[in-house]
Amino acid sequence: MFKERGLTKKEAENRLKKYGLNEIKDTSTTTPLKILFRQIRSNFIIYLLAGAMLLSFFIGKSATAYTLLGIIFMVIFVGFIQEYRSERAISALKNMLVHTSIVVRDGKEREVQSVNIVPGDLLILRNGEKIPADCLLIEEKELRVNEAALTGESKETSKKIGSEKKYSDENLVFMGTYIVHGRCIAKVLHTGMNTKFGKIAGLISSTEKELPLQKKVNRIAKYMVFLAIMISILTGLIILLRSTVLDKETFLSILILVIALSVSAFPEGFPVVLITTLATGAHHMAKKNAIVNRMSIIETLGETTVICSDKTGTITKGEMTVRKIFANNTFYDVTGTGYEGKGDFLHHHKKIDVGADQVLKTLLYDAVLCNDSIIERTGNDQEFRTIGSPTESALLIAGVKAGLFKEDIKCKRVQEIPFSSERKMMSVFCEINNEKIIYSKGALEYLIKKCRFIQKDKMISKLSEVEKRKILSYNQDMASDSLRTIGFAYKPVKTFAKDHFEEDLVFLGFAGMEDPAREGVKEAISQCYSAGIKVKMITGDNKETALSIAKEIGLHGKIMEGTELDNLSDDELNKIISTITIFARVKPEHKLKIIKALKFNGEIVTMTGDGVNDAPALKEAHIGIAMGKNGTDVSRSVADLTLKDDNFSTIVSAISEGRTIFRNIRKFSTYQLSCNFAELFILFIGVLLSPLLGWQIPILLALQILFMNLVTDNLPAITLGLNPSSNDSMLEPPRKNSEILNKQLFILLFFTGSLLTILVLFSYFLVFNILGGTQEYARTVALFSLIGLEIASAFNFRSYRKGVLNRGLMVNPYLFYASGISLIATFIIIYTPLNKVFETVPLGIDGLLVVVVVSLSLVVIFDLLKYINNKKKLFDLEHI
């Protein structure tokens, strides 16, 4: 297959990734066994512990060896559980957006999930849709397909109708390719892995993509590993030099200690905690209707400085309702809301008979027949479910209110010229009762240029320039009332053989549709301003409609139309782009120009799009956002984020969640590294102080260090990654520095680690040198103190600004439960027979009191420092 296409395996793999099509390869079937083997194979810590275990067996310390074996199983088990849960969460995200297709079954058009398509089905495919199977063309209208995923060429390909007995590639449309113009009816031949695309996908391996965040975490871990090994070896050498007996057992015991200390200081939990945090955060975003297509964008979300949003369907509801119609030089009001067929046509507040007005009746015929949407009853009286664009659906509902149903009209659609963003109109060629008629609809400013005549009553007369200006002024009045307008025209013809169908049309009138702003959008835009994020509205509607909606949602600033954009050079636009808030009558290519200008000015741009031609802009933006309900498959395939509800407020929620996730990553990174730092320096400084204070070294034993690393390091770090979002996450400007650890966090890391080191060494000194406790008793107090301090430190890291003592323990319930587990496990190794294995002794009231006082002192110190910093602003913790 690769030879046939001229592709190497790597080229095929890259091509599928490039076009976002490698989902056919079922990468979600990672089995638990594969995850388990991956854990064992990739975790260097396991090999170190295994070496320490073998050394313990070698010197006759069987209890230590078996305990190390148990720790190895625990490390594998904890890593397996976290990775398995993350895999499940990511897999669930992939399944949240279900691709659907229109299938003709039992003579009716039905919307079904693409995975349920079978050979023999008839598919109706339209502009912007991703082809879900290999199909034979039965009927096509102006069809052009982008087959870049298969051929590597972005050139559009025309297709022809074929016969089931004899056909070639030009008669077929292939799975994974996209319709970029026109529509077709096609019969399914092959599905899934039996398609041409499936055969290519089946030959490539699924390679995991490393996230930018993961690279940053790995870089930190690399430096920490180097430091850990150096300090561990240095500590071991000092102990070795001070040992009075230098036999094989002593040497191997010191070696085991060095290994244990290295293991404890290795931030081996970083990758697991990172993926868990990202997967959990993405799951939270999904609950708020934002589906993450690429994990790597979560980092960028919090840096967003500009949101460029479509108006229709994102800022507005996208559920159109025809409110007014201008026809026959008269304005008509239309009652009813949404997709209910209940409503009347009124003139001067009086109900009229639509059939009595020839022009209005013809206009509604135009609205219903020049239409690709479908409506069907829901089962409730006069309530309909729609398939298709909101604008066309609203026109069909207006027809229902006049008693006009598309299926009741004996009409044969012979040809059509599909809607395009360049022409901004659509035309169909129909045969009705042996009459040949062309019906057209589109943006009024464009449509009226194609009209030479106008119909009033039963008379057709020439459309003068004066009348055109008058109609456009009426249109402007409607647009000023927040109504989106669409014009209608037609012309009878004798033959469809000519190629100037959209010339010399007869103007019928135009309709004004209401598309109100979504609830919560005004508040969301206000939230953006508070967060230092600029909002720009982009619409294909005219200037008046755009200004009216902008005023309603609290969006202020200058407006620019597409024609003005065309007349500006890139340099000119770069200079003024920051002053423009609203872009009207915009074409898809204008979006690309706007994004490039914003990026030139150093902005981090989030852009929404739903059409085929929006794909380049979505790819160019730092974060491309597609619409889940009304977007095309093309836009969804290149987008980084997909909105299930097409709602602007969801974008703001996603940015807030992105900020929270990155904050949490910084918190658990700083917390875990400060703990690693403390564990290293407690033993190192303890070794240096031992001759002066008469301490037995090491202060903490190998198994104690490993226990602490397993129970109190990783568990709280994981739960810090699940910290809930704070109310002030959207009250600060976007962060400029995307590094995980900045200067302030390095200071905090070393300060916390140093404070933990001092307090643990103080507890050992207090018990051994002042209270006269034994070495074993002092060591147990020091161990429990360090565990208590790490738990207290985790609570400190819930917030950089809010104290622990004046907040509830259940702000992060996961941390509370993890702390409980750590404490229970610690009591078990101190107060049960396991204390012989871990070489601890039961503590009395005095020992427990030292642990509690030392742990609480850390909380008090940090609460006091937070209070002072909130007042004096000594450290900039607002932006971390």
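Two rings of Phe, Tyr or Trp (its six-membered ring) form a pair if their centres lie within 6.5 Å. The exercises below apply this to a predicted model.

**Exercise 1.** Find which residues are linked by ring pairs into a cluster.

*Solution.* Begin with the search of the whole structure, which finds 18 aromatic pairs. Then follow the ring pairs that join Phe 677, Phe 681, Phe 684, Phe 746 and Phe 750, since these residues are linked into a cluster.

**Exercise 2.** Classify the aromatic pair formed by Trp 695 and Tyr 764, and decide whether Trp 695 is buried or exposed.

*Solution.* Among the 18 aromatic pairs, Trp 695 and Tyr 764 have centres 4.9 Å apart and planes at 65° to each other. Because planes over 60 degrees apart count as edge-to-face, the pair of Trp 695 and Tyr 764 is edge-to-face. Next, place both residues along the chain: Trp 695 lies in the loop between α24 (648-693) and α25 (702-720), while Tyr 764 belongs to helix α26 (residues 743-770), so that the pair links distant parts of the chain, 69 residues apart. Finally, Trp 695 is buried because its relative accessibility is 6%, where the cut-off is under 20%, and Tyr 764, with a relative accessible area of 0%, is buried as well.

**Exercise 3.** Determine which helix gives the most to the nonpolar patch, and whether Leu 864 is buried or exposed.

*Solution.* The surface patch, of about 590 Å², is made by Phe 751, Leu 864, Leu 865, Tyr 867, Ile 868 and Leu 874. Helix α30 (residues 845-872) gives the most to this patch, with 4 residues. Leu 864 lies in helix α30, and Leu 864 is exposed because its relative accessible area is 52%, where exposed means over 50%.

How values were computed
Residues are numbered from 1 along each chain as its sequence is written. This is a predicted model: local features need pLDDT of at least 70, side-chain atom pairs count only at pLDDT 80 or more; totals for chains, interfaces and linings use all residues. Side-chain values use heavy atoms; hydrogens and water are left out. Rings of Phe, Tyr and Trp (its six-membered ring) pair if their centres lie within 6.5 Å; planes under 30 degrees apart count as stacked, over 60 as edge-to-face and the rest as tilted. Helices (H or I, at least four residues) and strands (E, at least two) are DSSP runs, numbered from the N terminus. Buried means under 20% relative accessible area, exposed over 50%, partly exposed in between (1.4 Å probe, protein chains only). Patches are made of residues with over 30% relative accessible area and no salt bridge: like charges are joined within 9 Å, nonpolar side chains (Val, Leu, Ile, Met, Phe, Trp, Tyr) within 5 Å. Accessible areas come from the Shrake-Rupley method with a 1.4 Å probe; for residues, only the protein chains shown count as cover. A salt bridge is a side-chain nitrogen of Lys or Arg within 4 Å of a carboxyl oxygen of Asp or Glu.
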